[in-house]
Amino acid sequence: MLYIGVGPTKQKKEKEMKLKIIFEVKSKITGQMKEVYKTFSNFAEDVTDDRLKQFAIAYAGLVDKNAFESYKIITEQLN
């Protein structure tokens, strides 16, 4: 889904939501397991937790990982 808006591109948001997906990969150099993560932002304000979970599952499938953790991160400016 694509959202197009009119107005300044640098709007300061009071609240922002992100999705962080964490999984482990084996280093090709050292052979040790290491934790890597990918963070996504710019979700629609009304996105549900179920949709975020579906997105995380789809992304994990693309990077060929079955085991992962996902976190919804909401940042809010303190006044």
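## Reading a small sheet and its helix

Among contacts in the chain between residues at least 6 apart in sequence, 57% join residues at least 24 apart. Keep in mind that this is a predicted model.

Visitor: Where do I begin? What elements make up the secondary structure of the chain?

Guide: Start by listing the elements, then read their order. Here there are one helix and three strands, and along the sequence they follow the pattern β-β-α-β.

Visitor: And how do I read the sheet? What order do the strands have?

Guide: Look at who sits beside whom, not at the numbering. This open sheet of three strands has the order 2-1-3, with antiparallel pairing. The edges are strand 2 (33–40) and strand 3 (69–76), each of which pairs on one side only. From one strand to the next, the twist averages 25°.

Visitor: How many bridges join strand 1 to strand 2?

Guide: Eight, and the two strands run antiparallel. For landmarks, find Phe23, whose bridge partner in strand 2 is Val36, and Lys26, which stands opposite Met33. These two strands form a hairpin with six residues between them. In the turn, Gly31 has a positive phi of about 80°.

Visitor: What about the other side, where strand 1 meets strand 3?

Guide: Eight bridges join that antiparallel pair too. Ile22 is a handy marker there, standing opposite Glu69 in strand 3.

Visitor: Which strands does helix 1 touch?

Guide: Helix 1 packs on the sheet and touches strand 1, strand 2 and strand 3. Its direction makes about 30° with that of strand 1.

Visitor: Now the inside. Which residues make up the largest nonpolar core?

Guide: First, the general idea: in soluble globular proteins, nonpolar side chains tend to be buried together. In this model, the largest nonpolar core has nine residues: Met17, Leu19, Ile21, Phe23, Val25, Phe40, Leu52, Ala56 and Tyr59. Strand 1 (15–26) and helix 1 (49–62) each supply at least two of them. The largest share, five residues, comes from strand 1.

Visitor: Those strand 1 numbers look like a pattern. How should I read that?

Guide: In a regular strand the side chains alternate between the two faces of the sheet. With that in mind, look again at Met17, Leu19, Ile21, Phe23 and Val25, which are among the core residues.

Visitor: Which residues does Phe23 touch?

Guide: Leaving out residues up to four places away in sequence, Phe23 touches Lys34, Glu35, Val36, Tyr59, Val63, Lys65, Ala67 and Phe68. Among these, Tyr59 is also in the core.

Visitor: Last one: what share of the chain is buried?

Guide: Buried residues make up 15% of the 79 residues. As for the outside, the accessible surface comes to about 7,200 Å², with 51% belonging to carbon and sulfur atoms.

Conventions: Residues are numbered from 1 along each chain as its sequence is written. This is a predicted model: local features need pLDDT of at least 70, side-chain atom pairs count only at pLDDT 80 or more; totals for chains, interfaces and linings use all residues. Side-chain values use heavy atoms; hydrogens and water are left out. A nonpolar core is a set of buried Ala, Val, Leu, Ile, Met, Phe, Trp, Tyr and Cys residues joined through side-chain atoms within 4.5 Å. Buried means under 20% relative accessible area, exposed over 50%, partly exposed in between (1.4 Å probe, protein chains only). Helices (H or I, at least four residues) and strands (E, at least two) are DSSP runs, numbered from the N terminus. Contact means heavy atoms within 4.5 Å. Accessible areas come from the Shrake-Rupley method with a 1.4 Å probe; for residues, only the protein chains shown count as cover. Two strands pair if DSSP finds at least two bridges between them. Axes are lines fitted to C-alpha atoms, for helices over the stretch in contact, and angles run from 0 to 180 degrees between N-to-C directions.
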